[in-house]
Amino acid sequence: MSSTAESQDFLGPRSSLVPQGFLGVTRNLGLKDVDDDFTAIVSEVPATSAAVFTRSRFAGPSVELSRQSAAAGSFRGMVVLSRNANVATGKVGAENAAEIQRRVAEVAGIPADELLIGSTGVIGRPYPMAQIRRGLDELSWPFPAADFDASARAIMTTDTRHKVVRLRCGDAVIVGIAKGVGMIEPNMATLLTFFFTDARVGREDLDAIFRRVVDRTFNALSIDTDTSTSDTAAVFANGVAGPADLAEFEQTLHQAALHLVRDIASDGEGASKLIEVRVSGARDDAQAKLVGKSVVNSPLVKTAVHGADPNWGRVAMAIGKLEDETDIDPDRVAIRFGDLLMFPESSADDILDRAAEYMRGKEVTIDIDLGIAAGSFTVYGCDLTDGYIRINADYTT
């Protein structure tokens with residue numbers, strides 16, 4: 001039950017690992033000054049799907065439309081616009097999103113509710129519909145074979161690189177694309193991420209598998225504690241390659257999602273380092289996740305990691321501020337940076353120097369053993385730099 005991937009596929013370039021039966025298109029519709037800002041990928045044949053969406057009270061019309069469609073049936077594909085979230089734009093925004101969904105679906109010859117629509121970017125600005133309509137008028141079916149790298153680039157906003165992963169799963173292939181480097185503290189899924197596979201998986205099985213995978217990957221990610229209004233994650237399975245072994249499929253999908261999560265975390269706005277916090281010995285997995293998120297979201301921990309300052313006291317602080325977790329006893333807690341024991345205090349004279357050297361690397365792992373029971377969870381994030389402040393201070397100007 002192992003999955004295989006060509007090494008270059010994990011890094012994102014084009015590859016022969018492509019799921020069968022998906023057609024796609026990218027365009028610049030004027031939302032970005034340059035580069036594509038629109039993409040659609042549609043299966044040539046009916047597909048099963050699973051999707052999860054933001055729980056934000058300011059969810060955009062694209063999320064609302066897609067959530068309604070997901071409840072009614074399965075998607076055959078998606079359409080995404082980037083650089084404009086079309087959030088908090090009232091009735092006009094809802095009508096515009098519905099028009100785009102309907103028009104692209106008509107081009108593909110499918111019902112509108114079989115096309116997921118996503119949007120990402122600046123909040124509070126209506127779509128420039130005149131120029132978008134001109135671009136949609138130029139679409140024709142059939143689209144060419146899907147170019148997943150081009151689609152991954154088209155959904156980018158402040159990302160510094162496009163994010164793609166390709167894995168083989170038996171006779172099938174799974175390709176995942178994602179965007180997101182800021183406004184990330186998922187409360188369902190995350191940012192925008194889509195998986196395409198020619199494996200055949202039943203709708204109920206696909207939904208259960210996808211939700212388990214999302215919980216351990218995208219819901220384990222945080223850049224800045226802020227949940228987006230536009231978070232959307234979905235998987236599309238058209239079955240062209242035949243039935244999948246469900247255990248192998250889940251393992252491979254998890255591997256693909258985790259790769260994208262780590263890529264997103266390391267590309268966090270202004271980030272210079274990936275932070276991985278592994279919590280074990282918790283009362284249960286939920287407590288382990290709570291502790292991990294408290295640590296990875298702490299500005300003091302983030303800045304210490306950025307400066308390669310082995311200040312384990314900040315980790316202890318982030319654990320200790322969870323005052324309702326009364327079964328956490330400091331006398332049973334152990335904290336490690338990499339394989340270096342920091343608390344209880346190591347007897348090695350050079351431990352701080354060794355820890356500082358370790359923290360100068362591009363990836364920093366913080367291990368926390370609570371010493372209570374067998375619960376465990378791993379979360380992912382990044383350091384906090386002045387680059388994050390600069391990007392977000394100037395985002396709309």
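Begin by selecting helix 6, residues 203-216, which lies across strand 3, strand 8 and strand 9 and runs at about 35° to strand 3. Keep in mind throughout that the model on your screen is a predicted one.

Now add helix 7, residues 246-266, to the selection: this helix packs on the sheet and touches strand 6, strand 7 (172-179) and strand 8. The direction of helix 7 makes about 160° with that of strand 6.

With both helices shown, turn to the strands themselves, where five of them form an open sheet in the order 3-9-8-7-6, with mixed pairing. At the edges you will find strand 3 (48-53) and strand 6 (163-169), each of which pairs on one side only. If you look along the sheet, neighbouring strands are turned by 10° against each other on average, when direction is ignored.

Which way do strand 8 and strand 9 run relative to each other? Select residues 192-197 for strand 8 and residues 232-237 for strand 9, and you will see two strands that run parallel and are joined by six bridges. To look at a single pairing, pick F194, whose bridge partner in strand 9 is A234.

The next stop is a second open sheet, also of five strands, ordered 12-11-13-10-14 and mixed in its pairing. Strand 12 (340-343) and strand 14 (375-382) are its edges, and because each has a single partner strand, one side of each is left without a neighbour in the sheet. From one strand to the next, the twist here averages 20°.

Within this second sheet, select strand 11, residues 334-337, which pairs with strand 12 in the antiparallel sense over three bridges. A residue to pick out here is F337, which stands opposite L340 in strand 12. Helix 7 appears again at this sheet, packing on it and touching strand 10, strand 13 (363-369) and strand 14, with a direction that makes about 45° with that of strand 14.

For the annotated positions, select T157, K179, T190, E269, N392 and T397, at which UniProt, in an unreviewed entry, places the feature "binding site". Two of these positions can be examined in turn. E269 is found in the loop between helix 7 and strand 10 (274-282), and this residue counts as buried because its relative accessibility is 6%. N392, by contrast, lies in helix 12, residues 386-393, and counts as partly exposed, at 35% relative accessibility.

Move on to a pair of helices, helix 8 (residues 285-296) and helix 10 (residues 312-320), which pack at an angle of about 130° with their axes 8 Å apart. That angle makes helix 8 oblique to helix 10, and the crossing of the two is right-handed. To see the contact itself, show V291, S294 and V295 of helix 8 together with V315, A318 and I319 of helix 10.

From S294, travel to the last stop, P61, which is 233 residues away in sequence and 31 Å away in space, taken from C-alpha to C-alpha. P61 has its place in helix 2, residues 61-72. Is P61 buried or exposed? With a relative accessible area of 13%, P61 is buried. To see what surrounds it, show N86, V87, T89, G93, A94 and A97, which P61 touches when residues up to four places away in sequence are not counted.

Conventions. Residues are numbered from 1 along each chain as its sequence is written. This is a predicted model: local features need pLDDT of at least 70, side-chain atom pairs count only at pLDDT 80 or more; totals for chains, interfaces and linings use all residues. Side-chain values use heavy atoms; hydrogens and water are left out. Two strands pair if DSSP finds at least two bridges between them. Helices (H or I, at least four residues) and strands (E, at least two) are DSSP runs, numbered from the N terminus. Axes are lines fitted to C-alpha atoms, for helices over the stretch in contact, and angles run from 0 to 180 degrees between N-to-C directions. Contact means heavy atoms within 4.5 Å. UniProt positions are given in the numbering used here, feature names are shortened, and annotations may be inferred rather than shown by experiment. Buried means under 20% relative accessible area, exposed over 50%, partly exposed in between (1.4 Å probe, protein chains only). Angles under 35 degrees count as roughly parallel, over 145 as roughly antiparallel, 65 to 115 as roughly perpendicular and the rest as oblique. A crossing is left-handed if the near helix is turned anticlockwise from the far one by less than a right angle, and right-handed if clockwise.
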